[in-house]
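Good morning, and thank you for joining this session. I would ask you to keep the structure in view while I speak.

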Amino acid sequence: MTDFLPLEHLVAACHWIGAKGWAPATGGNMSVRQDAEYCLLSASGKDKGSLTRDDFIQVEIATNSVPSGRKPSAETGLHTLIYRLFPQAGAVLHTHTVNSTVLSRVEKGSALLLSGYEMQKTLAGQDTHLNTVAIPLFDNDQDIEALAQRIEAFAADTPLRYGFLLRGHGLTCWGKDVNEARRHLEGLEFLFECELQRRLLETQ
Ligand SMILES: CSCCC(=O)C(=O)COP(=O)(O)O
Ligand SMILES: [Zn+2]
């Protein structure tokens with residue numbers, strides 16, 4: 001894969017995510033859109049904090065087929081769903097942080113509601129802490145195709161923006177490019193930490 005700048009940005013984002021401790025062991029996966037038909041997805045089962053450009057595998061967005069026959073992420077179906085649903089999405093980042101893992105279990109509802117935080121403005125289109133940002137929360141599933149179908153059905157009725165949580169698993173978020181996906185990840189992760197601490201303190 002030569003001369004594709006967004007892949008350089010994605011590799012840098014993976015190293016940043018690794019350094020933050022947001023993709024422990026082999027957790028997490030990352031991708032970037034190549035064009036309307038293809039994306040490049042991280043290889044399955046690797047330490048995502050030390051990926052190189054050769055660890056990214058081309059996947060057809062419409063079919064999940066892999067021309068090279070290599071093994072992309074086990075969660076490929078969630079990335080391609082996002083690229084299908086949102087033609088403007090240019091990059092997808094999935095992380096396993098302690099905050100997203102714990103908060104998604106503590107919250108029993110179908111969304112995590114964030115309001116009152118200035119840092120909500122890290123999310124595209126948000127311009128006030130007075131809004132309520134709902135981050136959908138789906139029960140985890142080892143059957144990724146079934147999970148993708150559940151998320152697609154949800155998105156048919158309710159707008160999906162920024163990202164979603166998988167219960168006891170982590171966050172998947174996206175943006176128009178790697179930079180925006182990184183900003184959404186960092187902003188959401190900050191908000192999750194605040195929300196977790198607020199809940200802890202307010203129940204004492
Ligand atoms: C111990 S990580 C379990 C699988 C997972 O949730 C994940 O994010 C990494 O899977 P991949 O196939 O992308 O390496
Ligand atoms: Zn995962």
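I shall take the metal site first, then the helices, then some individual residues, and finally the cysteines.

Please bear in mind throughout that this is a predicted model.

Let us begin with the metal. Which residues coordinate the zinc ion (ligand 2)? The ligating atoms come from Glu75 through OE, and from His94, His96 and His169 through NE2 in each case, at 2.1 to 2.8 Å. Along the chain, these donors follow the spacing E-x18-H-x1-H-x72-H. Glutamate 75 and histidine 96 connect distant parts of the chain, being 21 residues apart. Glutamate 75 belongs to the loop between β3 (56-60) and α2 (76-85), whereas histidine 96 belongs to the loop between β4 (91-95) and α3 (98-106). As for solvent, glutamate 75 counts as buried because its relative accessibility is 11%, while histidine 96 is partly exposed, with a relative accessible area of 23%.

What is the arrangement around the zinc ion (ligand 2)? There are six donor atoms, and the angles they subtend run from 64 to 174 degrees, so the arrangement is irregular. For reference, ideal angles at a metal are 90 or 180 degrees for six octahedral donors.

I turn now to helix α2, which follows the loop that holds glutamate 75. Eight of its 10 residues are buried, and α2 is therefore largely enclosed by the rest of the structure. The buried residues are Thr76, Gly77, Leu78, His79, Thr80, Leu81, Ile82 and Tyr83. Threonine 76, for example, has a relative accessible area of 8% and is buried. Apart from neighbours within four places in sequence, threonine 76 is in contact with Leu41, Val59 and Asn64.

That last partner deserves a comment of its own. Asparagine 64 sits in the loop between β3 and α2, and its phi is near 65 degrees, a positive value in a residue other than glycine. Its relative accessibility of 24% makes asparagine 64 partly exposed. Tyrosine 162 likewise is not a glycine and has a positive phi, of about 70 degrees. Tyrosine 162 is located in the loop between α4 and β7, and at 6% relative accessibility it counts as buried.

This brings us to helix α4 itself, residues 144-157. Its 14 residues, at 1.5 Å a residue, should span 20 Å, and the end C-alpha atoms are indeed 20 Å apart, which agrees. Where do the buried residues of α4 lie around the axis? These residues are Ile144, Leu147, Ala148 and Ile151. They cover an arc of only 100 degrees, and are therefore on the same side of the helix. The general background is that an α-helix has 3.6 residues a turn, so residues three or four places apart point the same way. The face of α4 turned away from that buried side carries the exposed residues Gln149, Ala156 and Asp157. Among the elements covering the buried residues of α4 are α2, β6 (132-138) and β7 (163-166).

Helix α5, residues 178-202, may be checked in the same manner. For 25 residues at 1.5 Å each, the expected span is 36 Å, and the end C-alpha atoms are 36 Å apart, so the two agree. The buried residues of α5 include Val178, His184, Leu188, Phe192 and Leu196. Glu180, Glu189 and Glu195 are also buried in this helix.

Next, a glycine. Glycine 49 lies in the loop between β2 (38-42) and β3. Leaving out neighbours within four places in sequence, its contacts are Cys14, His15 and Gly18. Glycine 49 is separated from arginine 198 by 149 residues in sequence and by 30 Å in space, C-alpha to C-alpha.

I close with the cysteines. How many disulfides does a search of the whole structure find? The search finds zero. Why does cysteine 39 form no such bond? The closest cysteine sulfur, in cysteine 14, is 13 Å from that of cysteine 39, which is too far for a bond; the cut-off for a disulfide is 2.5 Å. Cysteine 194 is likewise in no disulfide, since the nearest cysteine sulfur, that of cysteine 173, is 16 Å away and the sulfur atoms would have to lie within 2.5 Å. The two residues also differ in accessibility: cysteine 39 is buried at 0%, whereas cysteine 194 is partly exposed at 21%.

Methods: Residues are numbered from 1 along each chain as its sequence is written. Chains are lettered from A and ligands numbered from 1 in the order in which they are written. This is a predicted model: local features need pLDDT of at least 70, side-chain atom pairs count only at pLDDT 80 or more; totals for chains, interfaces and linings use all residues. Side-chain values use heavy atoms; hydrogens and water are left out. Buried means under 20% relative accessible area, exposed over 50%, partly exposed in between (1.4 Å probe, protein chains only). Donors are N, O and S atoms within 2.8 Å of the metal (3.2 Å for Na, K and Ca); water is not among the atoms, so sites may look incomplete. Four donors count as tetrahedral if all angles lie between 85 and 135 degrees; four count as square planar and six as octahedral if opposite donors are over 155 degrees apart and all others between 65 and 115; anything else is irregular. Helices (H or I, at least four residues) and strands (E, at least two) are DSSP runs, numbered from the N terminus. The expected span of a helix is 1.5 Å times one less than its number of residues. The arc is that of the directions from the helix axis to the C-beta atoms. Contact means heavy atoms within 4.5 Å.
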